[in-house]
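Me: I would like to learn how to read contacts, burial and ring geometry from a model. Can we work through a case?

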Amino acid sequence: MIEIACDGSCLGNPGPGGWAAVLRADDGERVFTGGALRTTNNRMELEGAIAAAAAAPADGPVVVLCDSRYVVDGINRWLPGWIRRGWRTAAKRPVKNADLWRRLAAARDARPSLSFRWVPGHAGHPANERAHELALREAVRWQRGAGVAAPGRLFRSGPDSSC
C-alpha cells in the first residue's frame with residue numbers, strides 16, 4: 001500500500017497559499033508543491049489532493065491521507081450528490097470550487113484503487129506533518145513574492161532538499 005499525504009495552507013483567507021503532496025514508497029519520497037498568490041485554504045487543500053491523486057501509480061492500492069474534512073467528506077460522501085444535481089448542493093446552491101472538485105474527481109476516477117482517508121492534523125502523523133510543513137513553506141514563498149505569478153500551477157518533484 002502506498003500512502004500519499006497532502007495538505008494546503010493559506011496566509012489569510014483569501015491570501016497567498018501553498019499546497020503539498022508527499023508520496024512515500026519503498027524507493028523513497030517524492031514531493032509535489034505549488035501555490036497561488038491570492039487563494040483560499042479550501043482551494044489549497046484541494047490542489048494538494050489533486051496533486052496526490054495525480055501522483056498515485058495507476059496499479060495497486062493507494063491511500064491519500066488528508067487532514068481536511070472538506071476534502072475527504074467531499075470526495076467520499078458529497079460528490080455523487082453534487083454530480084447528480086448538476087454541481088449544486090443539497091440547498092441548490094452552486095458547489096464552491098467546482099473547477100477543482102471536477103479535477104479531483106477525474107484524477108480519482110482514473111485510479112480505481114485510490115482511496116481518501118482523513119487523519120487528524122497537527123497530531124504527530126509523520127507524513128501529514130511533512131505535507132503541512134511543505135504547504136506552509138510554499139505559502140510563505142508566495143507571500144514573499146517568490147511564487148510563479150504566471151497562469152497554471154507550480155510543480156516541483158523529486159527529493160525535497162531545497163524547499
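Me: Which residues does threonine 39 touch, leaving out those up to four places away in sequence?

Reply: This is a predicted model. A contact is a pair of heavy atoms within 4.5 Å. Threonine 39 touches Cys10, Asn13, Pro14, Gly15, Pro16, Gly17 and Met44, with residues up to four places away in sequence not counted. Threonine 39 belongs to strand 3, residues 28–39. Its C-alpha atom is separated by 9.1 Å from that of leucine 11, and the two residues are 28 apart along the chain.

Me: Is threonine 39 buried or exposed?

Reply: Buried means under 20% relative accessible area. Threonine 39 has 5% relative accessibility, so it counts as buried.

Me: How do I check the span of helix 3?

Reply: Take 1.5 Å times one less than the number of residues. Helix 3 covers residues 98–109, which is 12 residues, so the expected span is 16 Å; the end C-alpha atoms are 16 Å apart, which agrees.

Me: Which residues of helix 3 are buried, and what covers them?

Reply: The buried ones are Ala98, Leu100, Trp101, Leu104, Ala105 and Ala107. Their cover includes helix 1 (41–55), helix 2 (69–84) and strand 5 (114–118).

Me: How many aromatic pairs does the structure hold, and why is the pair of tyrosine 70 and tryptophan 101 edge-to-face?

Reply: The structure holds four aromatic pairs. For the class of a pair, look at the angle between the planes: over 60 degrees counts as edge-to-face. The planes of tyrosine 70 and tryptophan 101 are at 70°, with ring centres 5.3 Å apart, so this pair is edge-to-face. It links distant parts of the chain, since tyrosine 70 is in helix 2 and tryptophan 101 in helix 3, 31 residues apart. Both tyrosine 70 and tryptophan 101 are buried.

Me: What is the geometry of the pair formed by tryptophan 78 and tryptophan 82?

Reply: That pair is tilted, with 50° between the planes and 5.9 Å centre to centre. Both residues lie in helix 2, four residues apart, about one turn of the helix. Tryptophan 78 has 32% relative accessibility and so counts as partly exposed, whereas tryptophan 82 is buried, with a relative accessible area of 8%.

Me: Which residues form the aromatic cluster?

Reply: Tyr70, Trp78, Trp82, Trp87 and Trp101 form one cluster.

Me: Where does the charged end of arginine 69 sit?

Reply: For arginine, follow CZ: it must be within 6 Å of the ring centre and within 35 degrees of the ring normal. The charged end of arginine 69 sits over the ring of tryptophan 118, 3.8 Å from the ring centre.

How values were computed:
Residues numbered from 1 in each chain as written. Predicted model: local features only at pLDDT ≥ 70, side-chain atom pairs only at ≥ 80, totals over all residues. Heavy atoms only, no water. Helix = DSSP H or I, 4+ residues; strand = E, 2+ residues; numbered from the N terminus. Buried < 20%, exposed > 50% of the residue type's maximum accessible area, 1.4 Å probe, protein only. Phe/Tyr/Trp six-rings, centres within 6.5 Å; stacked < 30°, edge-to-face > 60°.
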